[in-house]
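Biologist: Could you take a close look at one part of this protein for me, the aromatic pairs and the core around them? I would be glad of a connected walk through it.

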Amino acid sequence: MVVVMFKRACFMHGDDTAKLCLKAIARHIHSAQARFGPRSFFGVEDFLDDDNSRPYTYQKEKKSKNPNKHISFKQRTVAYMEPFTLDVFISKRFVSASITHRVTSKQVAVAGTNSKDIKAELKSRSDIPACLAIGRILSQRAREADVYTASYTPRERDKFEGKIRAVVQSLIDNGIDVKIYLD
């Protein structure tokens, strides 16, 4: 491009004008500003959001399909009205349960059959008596932290029966009011 511009200037205006044109071209080339659009081979500018704010890989939350959707009063206040949730995890080898504060995401009380103090008392770490012991110990620790209510929603793959029901029933029997939400 520079050579073509130089040849045109020499042909049209003679040698003096060509020297001036060459200086202008040199200034244009050596200036620090880019004269062409940004080129990228899979760079960040190829993967920007719709609003060009940040690369799509760093999205924190999904955008709502309907941003003007009405959120009910219950949806807005349930985290504050029922602030504590119960989480029960049962595997083939052990049982663990915890009560978590919804808003701050801090665990208030935790009990599991893998801990040293509980492990010594139990014959098996994953049977029904172990689940009842976890519920009893978790209720004691929750009452020490001044927590007397919790809500429980089972995971999608879990059914509310057997070992999970034993943990929740043990909590209820030992003084923790548990609201169970089944879908």
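**The aromatic pairs and the core**

Modeller: Happy to! Let's start at Phe 94, which counts as partly exposed because its relative accessibility is 24%, above the 20% under which a residue is called buried. Please keep in mind that this is a predicted model.

Phe 94 has an aromatic partner, Phe 89: the ring centres are 5.9 Å apart and the planes meet at 50 degrees, so the pair is tilted. Phe 89 is also partly exposed, with a relative accessible area of 32%.

Searching the whole structure gives 2 aromatic pairs. Besides the one just described, Tyr 152 pairs with Phe 160, and this pair is tilted too, with 6.2 Å from centre to centre and 45 degrees between the planes. Here both partners, Tyr 152 and Phe 160, are buried.

Tyr 152 takes us to the core. The largest nonpolar core has 28 residues, and Tyr 152 is among those that touch the most other members, together with Leu 86, Val 88, Ile 99, Leu 138 and Val 178. Several elements each supply at least two residues of this core: the strands β1 (84-90), β2 (95-101), β3 (107-112) and β4 (149-152), and the helices α5 (128-144) and α6 (163-173). The largest share comes from α5, with 7 residues.

Ile 99 is a good place to see how these pieces meet. Leaving aside residues up to four places away in sequence, Ile 99 touches Phe 84, Thr 85 and Leu 86, then Lys 106, Gln 107, Val 108 and Ala 109, and also Leu 138, Ala 142 and Val 147.

Now step back to the whole protein. There are 6 helices and 5 strands, and along the sequence they follow the pattern α-α-α-β-β-β-α-α-β-α-β. Of the contacts with a separation of 6 or more, 52% are between residues 24 or more positions apart. Buried residues make up 26% of the 183 residues. The accessible surface comes to about 14200 Å², and carbon and sulfur atoms account for 54% of that.

For a contrast with the buried pair, look at Asp 183, in the segment after β5 (177-180). Asp 183 counts as exposed because its relative accessibility is 99%, and exposed means over 50%. Asp 183 and Glu 156 are 27 residues apart in sequence, while their C-alpha atoms are 9.2 Å apart in space.

Definitions and conventions: Residues numbered from 1 in each chain as written. Predicted model: local features only at pLDDT ≥ 70, side-chain atom pairs only at ≥ 80, totals over all residues. Heavy atoms only, no water. Core = buried A, V, L, I, M, F, W, Y, C linked by side-chain atoms within 4.5 Å. Buried < 20%, exposed > 50% of the residue type's maximum accessible area, 1.4 Å probe, protein only. Helix = DSSP H or I, 4+ residues; strand = E, 2+ residues; numbered from the N terminus. Contact = heavy atoms within 4.5 Å. Phe/Tyr/Trp six-rings, centres within 6.5 Å; stacked < 30°, edge-to-face > 60°. Areas by Shrake-Rupley, 256 points an atom, 1.4 Å probe, with all protein chains shown as cover.
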